[in-house]
Amino acid sequence: MKRNNKAGGRSSKSGLWNTMRQYKYHYLMVLPVIVWYILFSYLPMYGITLSFKTFDFSKGILGSPWVGFQHFREISHDPEFWSAFKNTVIISLSKLVIHFPLPIILAMVMNEFSRTKARKFFQTLFTFPHFISWVVLAGILTNIFSNDGVYIQLMTMLGFDASSPLVSVQGFRPMIYLSHVWKEIGWDSIIYMAALTGINPELYEAAEMDGASRLQRLRYIAWPGIKSTVAILFILTIGNLLSLGSSFEQIFNLYSSPVYSVADTIDTYVYRTTFTVGADFGYMTAVGLIKSAISLVLLVLANMTVKKMGEQGLY
Amino acid sequence: MEQALTQKKKISAYDVAVYIILGILAIITFYPFYNVLIISFARFDVISKSNLYWLPLSFDFSAYKLIFGDGKFWNAFGVSMLVTVVGVAFSMVISVAGAYALSKKGMPGRNLLLTLILITMFFNGGLIPFYLIVKNLGLVNNILVMIVPAGINTLYLIIMKNYFNTIPEGLEESAKLDGANDITILLRIIIPISAPFMATFALFYAVERWNEWWHALIFISDSAKAPLQIYLREVLITSNSSLNSMAMTLAEQKATTKVYTPSLQMATIIVSCIPIMLVYPFLQKHFAKGILVGSIKE
């Protein structure tokens with residue numbers, strides 16, 4: 001059909017058609033993936049139009065009436081949104097600053113072992129929590145910091161007047177950062193370990209002959225060897241920064257009403273108001289859109305910065 | 001000679017410092033899990049009287065007995081098993097086939113598809129549109145909601161595609177000359193030679209499905225279809241499960257076999273993590289290699 005469409009440029013068209021026919025089985029193989037992404041990624045993206053509509057259950061996404069920028073005007077006066085927004089930004093940035101360098105340092109420290117067995121042992125230990133769900137990890141933390149848990153018992157024995165950091169306004173956010181490091185430091189260091197083992201060992205030997213100290217070797221051989229990996233992961237992290245901050249499973253399983261003021265993020269706010277309060281779907285979609293839009297801007301900015309610093313960007 | 005050199009290197013103060021730092025980190029990482037284990041086996045009269053229970057001073061199975069006698073636990077366990085087995089099969093079939101096709105550089109439209117797939121890593125429609133689409137597909141209160149919409153992990157798909165790129169074309173050419181079609185090539189040649197790699201990703205997906213909680217929270221309200229993580233949340237965090245009330249009743253009745261509630265909670269954690277602990281040795285043997293291969297840029 002396509003072949004006979006146009007007389008002009010026929011040869012190149014039929015050339016393309018022939019190539020496509022050669023790949024007919026490959027198209028068949030990729031078809032389920034295409035359908036999946038349309039259903040679960042692109043149709044929801046189209047659903048963003050709800051941000052400019054008032055949702056009517058009987059009419060669906062397509063038929064609901066348009067309201068223009070009304071939701072966004074309301075959001076700008078919504079104190080709960082601003083509180084969630086502020087918390088998301090603070091938690092995201094703190095996680096970035098606190099967590100991002102740690103796996104790099106851990107990988108460099110572990111790479112100092114001349115024995116791969118020791119390296120493997122520590123890697124196995126540090127990676128384990130990554131595979132445990134937040135529900136379970138939150139259960140463990142709740143137990144440790146409960147009134148009859150180890151933390152408060154130990155503090156009381158030492159003569160301190162302790163209370164659970166999980167229900168205190170000052171303690172909650174540090175718990176979020178620490179537990180995130182606990183779960184992900186080992187896993188996140190793997191990619192740097194991989195990059196470090198890719199460095200030519202002759203470079204180290206040559207440096208040793210020239211009398212370079214261990215710190216100098218870290219600075220002039222290991223670091224340049226993983227710089228490009230760090231750059232790419234930096235962009236990826238920034239692109240997902242707001243999701244990192246609101247890491248729904250982590251916060252939802254650890255927070256409780258005493259700490260909502262410092263713990264409620266955009267994701268938990270959207271979930272709670274939609275499914276327990278029953279807010280307008282259009283309004284909540286608009287809140288989600290604001291988050292996605294900011295993430296996209298951050299991704300573009302991070303990519304520009306990394307490219308300016310002379311590293312290869314994501315695109 | 002070389003042996004002697006490395007031997008000498010190991011004793012430096014620098015190395016000792018590195019070992020001490022990592023040792024402390026290892027203890028901090030593992031202490032919480034150790035704590036879970038000893039509390040799960042603690043005897044009621046011992047732990048409830050101790051001010052600080054940090055050594056395995058008593059050994060008792062009552063908490064485990066209570067869990068194994070709870071029908072809801074077995075139901076949730078069964079749902080998670082089903083979701084894991086069917087989910088891994090589903091995810092692997094579509095990810096492997098898709099990643100293999102996308103590794104074909106000559107395929108027209110491939111770059112467009114890859115770009116569209118990558119975009120979804122950074123931009124999505126958000127919770128509400130996703131909820132409405134899934135609801136329209138009839139997946140609310142349907143076990144499939146933990147299998148299908150969660151079915152593709154874009155990062156795994158990309159890593160698999162990069163991996164297939166590293167397989168030499170020549171392997172396929174000869175089979176093609178023998179008249180095999182591309183699906184046969186994938187099944188008969190590509191998958192067998194990449195078995196360890198495939199196994200790693202099957203395990204990644206398995207852990208994801210076993211830990212599945214989010215889709216269940218949003219879409220499953222029928223407790224008969226709730227997976228293990230939902231059950232765990234009830235036992236551990238909201239403390240309003242049938243298990244918690246069973247422990248309470250035992251305590252109130254002044255029964256001879258009392259169960260300390262934290263012991264019960266920690267025992268539930270141990271039981272639910274056993275499948276992960278069983279596959280972990282296999283998982284950790286290969287994941288570093290999997291990620292290394294996948295991170296090679298085209």
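1. Let's start inside chain B: between domain 1 of chain B and domain 2 of chain B, the count of salt bridges is 0. A salt bridge here is a side-chain nitrogen of Lys or Arg within 4 Å of a carboxyl oxygen of Asp or Glu. There are, however, 4 residue pairs in polar contact between these two domains, with both residues at pLDDT 80 or more. A polar contact is a pair of N or O atoms within 3.5 Å; within protein, one must be able to donate a hydrogen and the other to accept it, and residues adjacent in sequence count only if both atoms are side-chain atoms.

2. A word on what you are looking at: this is a predicted model, where local features need pLDDT of at least 70 and side-chain atom pairs count only at pLDDT 80 or more, while totals for chains, interfaces and linings use all residues. Residues are numbered from 1 along each chain as its sequence is written, chains are lettered from A in the order in which they are written, and side-chain values use heavy atoms, leaving out hydrogens and water.

3. Where do the domains lie? Domain 1 of chain B spans 10-61 and domain 2 of chain B spans 64-294, with bounds from an automatic or database domain assignment. Their centres, taken over C-alpha atoms, are 30 Å apart. The contact (heavy atoms within 4.5 Å) takes 10 residues from domain 1 of chain B and 11 residues from domain 2 of chain B.

4. Together the two domains of chain B bury about 980 Å², with 76% of it on carbon and sulfur atoms. Buried area is the accessible area (1.4 Å probe) that two parts lose on being put together, summed over both. On the domain 1 side, B:Val36, B:Phe44 and B:Phe61 lose the most area to domain 2 of chain B, together 53% of what that side buries.

5. Now for the two chains: 95 residues of chain B are in contact with 93 residues of chain A. The area buried between chain B and chain A is about 8500 Å², and carbon and sulfur atoms give 76% of it. Across this interface the rule finds 0 salt bridges, but 12 residue pairs in polar contact, both at pLDDT 80 or more.

6. How confident is the predictor in chain A? The mean pLDDT of chain A (the predictor's confidence in each residue, from 0 to 100) is 88, and 95% of its residues reach 70 or more. Do be careful with residues 1-9 of chain A, where the pLDDT is below 50.
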